Amino acid sequence: MLQKVTGIVLHVLKYNDTSNIADIYTEQFGRASFLVSASRSKKASAKPALFQPLAFIEFEANIRPGANMYRIKEAKSVYPFYNIPYDPYKSTIALFLAEFLYRAVKEESENKPLFSYLQHSITWLDTCEAGFANFHLVFLMRLSRFLGLYPNLDDYTKGDYFDLQNACFTSLKPLIHSHYIKGEEAYRFTQLMRMNYNTMHLFAMTRTDRARCLEIINDYYQLHIPGFGELKSLGVLQALFD
């Protein structure tokens with residue numbers, strides 16, 4: 001039956017000459033895949049231009065129990081971006097985060113707190129005027145809370161190692177694997193976990209620091225999410241900020 005759905009676009013793949021497959025994180029059903037017309041006609045009821053990375057859309061889809069893909073009948077934007085498509089830094093961050101979410105968020109059920117977090121974060125990025133260089137780092141660390149990957153900061157003592165594989169701080173160097181950080185890097189990681197969008201501009205980080213933090217976060221997710229794989233947009237993001 002036709003249902004009205006609100007979602008955030010994560011990924012679009014050409015399916016055939018007439019249709020694309022759009023992976024969308026929806027408010028009602030979690031992540032789901034949809035068939036959408038590839039027609040660029042002015043009369044098209046679901047124009048391909050709507051399906052940009054992290055775009056907020058509302059659409060009607062034929063939701064059938066047991067199906068693994070649904071067809072979108074009509075779609076419209078529910079939040080036209082002000083800055084993201086026109087700012088090279090923001091648009092690159094959006095491209096990267098959309099791919100990251102596509103790899104990291106597998107949940108196929110309703111999760112309103114996660115949807116609200118994504119909605120708030122994306123609109124914050126779109127409307128902020130400055131001080132967003134650390135945005136993607138803070139976004140990914142806070143995302144880990146919703147995915148059950150957030151480490152316990154209460155266990156940290158200055159000088160500890162952070163064991164990426166076991167997601168914990170420890171005073172002892174891990175001996176059976178090499179997935180850990182130590183010293184200043186571990187301390188910076190705790191700072192990053194304490195940042196939010198309103199305070200992150202107060203934490204001074206060099207481009208080298210920022211690139212290293214992103215590398216650590218990416219490794220952390222790869223260790224904990226099966227099939228996470230390599231991100232194509234990671235190199236683009238790092239090159240832009242270099």
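Student: What makes four residues in the lining of the second largest pocket charged?

Tutor: This is a predicted model. Asp, Glu, Lys and Arg count as charged. The second largest pocket is lined by residues including Asp23, Arg31, Lys106 and Glu108. The lining therefore has four charged residues, along with five nonpolar and two polar.

Student: Which strand gives the largest share of that lining?

Tutor: Strand β3, residues 30–37, with three residues. The second largest pocket holds about 210 Å³ of space.

Student: How does the lining of the largest pocket divide into nonpolar, polar and charged?

Tutor: Twelve residues are nonpolar, three are polar and none is charged. Take the residues closest to the centre of the largest pocket: Ala49, Gln52, Ala55, Phe81 and Pro85. Ala, Phe and Pro count as nonpolar. Gln is not on the nonpolar or charged list, so Gln counts as polar. The volume of the largest pocket is about 280 Å³.

Student: Why is Ser121 called buried?

Tutor: Buried means under 20% relative accessible area. Ser121 has 0%, so Ser121 is buried. Ser121 is found in helix α2, residues 112–127.

Student: Which residues is Ser121 in contact with, leaving aside its neighbours within four places in sequence?

Tutor: Phe135, Phe139 and Tyr197. Now look from Phe139, again not counting residues up to four places away. Phe139 touches Ser121 and Tyr197, and also Leu97, Leu101, Tyr117 and Leu118.

Student: Where does Phe139 stand in the largest nonpolar core?

Tutor: Phe139 is among the residues with the most contacts inside that core, with Phe135, Leu140 and Tyr221. The core has 75 residues. Helix α1, residues 88–104, gives the most to this core: eight residues.

Student: Glu99 lies in helix α1. What keeps Glu99 out of a nonpolar core?

Tutor: Its residue type. A nonpolar core takes buried Ala, Val, Leu, Ile, Met, Phe, Trp, Tyr and Cys, so Glu is left out.

Student: Is Glu99 buried or exposed?

Tutor: Its relative accessible area is 14%. The cut-off for buried is under 20%, so Glu99 is buried.

Student: What makes the pair of Glu99 and Lys232 close enough for a polar contact?

Tutor: The limit is 3.5 Å between N or O atoms. The backbone nitrogen of Lys232 lies 2.8 Å from a polar atom of the Glu99 side chain. The distance is therefore within the limit. Beyond four places in sequence, Glu99 touches Lys232 along with Leu10, Glu230, Leu231 and Ser233.

Key: Residues numbered from 1 in each chain as written. Predicted model: local features only at pLDDT ≥ 70, side-chain atom pairs only at ≥ 80, totals over all residues. Heavy atoms only, no water. Core = buried A, V, L, I, M, F, W, Y, C linked by side-chain atoms within 4.5 Å. Buried < 20%, exposed > 50% of the residue type's maximum accessible area, 1.4 Å probe, protein only. Helix = DSSP H or I, 4+ residues; strand = E, 2+ residues; numbered from the N terminus. Contact = heavy atoms within 4.5 Å. 1 Å grid on protein atoms, 1.4 Å probe; cavity = no way out; pocket = protein on both sides within 12 Å on 5 of 7 lines; lining within 4 Å. Points joined across faces, edges and corners; volume = space filled by probe spheres on them. Polar contact = N/O pair within 3.5 Å; in protein donor to acceptor, adjacent residues only side chain to side chain.
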